[in-house]
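Good morning, and thank you for the time on today's agenda. Please look at the sequence and the structure as they appear, and I shall then take you through them part by part.

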Amino acid sequence: MPDAPASPAAPARRVAVVGGGLAGLVAADRLLSAGLRVTVFEKFPEAGGLVGTFSVGGETLERFYHHLFTSDSHYVSLAGELGLASEIEWLPSRMGFYSNGLLYPFGTPASLLGFSPLGVKGRAELVLSTLRLRAIRDWRALEGETAVGWLRKNGYARVLDVVWGPLLSQKYGRRAEEVGLVWLWGKIALRTRSRDRTGLGERLGYMRGSFGRVTDALLSRIGALGGEVRPARPVKVAARRDGKWAVDFRGGSETFDLVLSTVAIPELLRIAPDLPDETRARWGTISYAHALCPVLVLDRPLTPYYWTNVGDAAMPFGGFIEHTNYVAPSRYDGRHVVYLSDYVLPDDPKWTMPDRDLWELYLPAVSRLAPSFDGARVLERHLFRAEYAQPIVGTHYSRVLPPVRTGVPGLYSAAMAQVYPEDRGQNYAVKIAREAATALLEDLG
């Protein structure tokens, strides 16, 4: 008897990825490589999210400052997959600290001895608190305490007043005292893992030509695998209908088998009506700070440091990042690039201020930090904004931590608020995207 005709192969499952930042592109790439059909919806005119780029002196540069730590293995492995690992340069960096109107070197044993704002007692507190937190291996033991409460309780009041208190206030405003100790533990552990062997410096990674090259490589591979990225197509609703997912977006509506969201949790709650009330109540407690990122392009440097922490809550920014003290200005046709880091709560009036009013706040503060600053030396200035840039992680955050499997069949999430106990960053965007894609593929068998 002749063989029975072979059954036609079932069509590949169709997945909507919501969000075209780094996490969305990594997830899409993984799913396409596994044979699924993928469409990425991005609300902005171009993909990349916080790794979006602009040009300075003919060279591409990120709109928001970026670097890698030596412990960022997930990102480095992704760069390797894309043939870009050799393009990461591990460069020495110098840190400064602005306090009481003066700029000090910071971050090394030698600089600590000269950091007079702490005094002898405060220097001892900084060393002891750092060593104590570094010695803790299990972050779960720290979940019940706030960073501020732990520092006060253990007699580290001076280092709280001079260093951590102002930095927390700059980043989290009135929410500073709510931030969990796990956040501080993670910061200290991560920074110390990036010290070089001498203990006198720090090696940070930067990709020649900007981290936008990884975005470009992912977009190219997604296209080659048959995927589709749709910019300027924000998703309005993703709802279950007759066992499928109806995704309504600007300009249309289509049906998918599965949805993987990489947008911030408040946006997921807005677009996904099928999430149960209990989940909504729990995840609804997750909050964020937004980011304002002014960028100055100048004809000369302003400080000797790459990264200057601003330990003055009265200043309108908490970080002064002189990119071209880390990456040579020759890359940017001799121009010098300074980022200002300004995190604001969503109800802060600064978030809705016009750019011109913000510059009236920022430029006089730049002059205070760097007295050599002269507005006539500014070649360009830019001001970038990002919603939901920094999750606010309080005590017992693991109790509200969203899993990558949302509990609604066919709906997955990979957002920055889910990388706990780590803090946000490119490395953890890659990690959480891989975890969500893996979960989706496992559920498909």
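Let me begin with a term: two strands are said to pair if DSSP finds at least two bridges between them. Please also keep in mind that this is a predicted model.

With that term in hand, consider a hairpin. Strand 6 and strand 7 form it, with 2 residues between them. In the turn, Asn 100 has a positive phi of about 55°. Strand 6 covers residues 95-99 and strand 7 covers residues 102-106, and they pair in the antiparallel sense over 5 bridges. One example is Met 95, whose bridge partner in strand 7 is Phe 106.

In general, the strands of a sheet pair through backbone hydrogen bonds, either parallel or antiparallel. Where does the hairpin belong? Strands 7 and 6 begin the order 7-6-15-16-17-14-18 of an open sheet of 7 strands, in which the pairing is mixed. The edge strands are strand 7 and strand 18, residues 378-392, and each of them pairs on one side only. From one strand to the next, the twist averages 20°.

Within this sheet, strand 16 (residues 319-322) and strand 17 (residues 336-344) run antiparallel and are joined by 4 bridges. Here Phe 320 has Leu 340 as its bridge partner in strand 17. Helix 12, residues 355-369, packs on the sheet and touches strands 6, 7, 14, 15, 16, 17 and 18. The direction of helix 12 makes about 100° with that of strand 18.

I turn now to a pair of helices. Which way does helix 1 pass helix 8, in a left-handed or a right-handed crossing? The crossing is left-handed. The axes of helix 1 (residues 22-33) and helix 8 (residues 212-224) come within 10 Å and cross at roughly 35°. Among the residues making the contact are Leu 22, Leu 25 and Asp 29 of helix 1, and Val 214, Leu 218 and Arg 221 of helix 8. By class, this contact has 9 nonpolar, 1 polar and 2 charged residues.

Leu 22 and Val 214 appear again in the largest nonpolar core, which has 69 residues; they are among those with the most contacts inside it, together with Leu 31, Val 38 and Leu 260. Helix 13, residues 426-444, gives the most to this core, with 9 residues. Leu 260 touches, among others, Val 15, Leu 31, Tyr 412 and Leu 440. Apart from this core lies another, of 63 residues, including Leu 118, Val 148, Val 162 and Val 408.

Thank you for your attention.

Technical notes:
Residues are numbered from 1 along each chain as its sequence is written. This is a predicted model: local features need pLDDT of at least 70, side-chain atom pairs count only at pLDDT 80 or more; totals for chains, interfaces and linings use all residues. Side-chain values use heavy atoms; hydrogens and water are left out. Axes are lines fitted to C-alpha atoms, for helices over the stretch in contact, and angles run from 0 to 180 degrees between N-to-C directions. A crossing is left-handed if the near helix is turned anticlockwise from the far one by less than a right angle, and right-handed if clockwise. Contact means heavy atoms within 4.5 Å. Ala, Val, Leu, Ile, Met, Phe, Trp, Tyr, Cys and Pro count as nonpolar, Asp, Glu, Lys and Arg as charged, and the others, Gly among them, as polar. A nonpolar core is a set of buried Ala, Val, Leu, Ile, Met, Phe, Trp, Tyr and Cys residues joined through side-chain atoms within 4.5 Å. Buried means under 20% relative accessible area, exposed over 50%, partly exposed in between (1.4 Å probe, protein chains only). Lists of a residue's contacts leave out its neighbours within four places in sequence.
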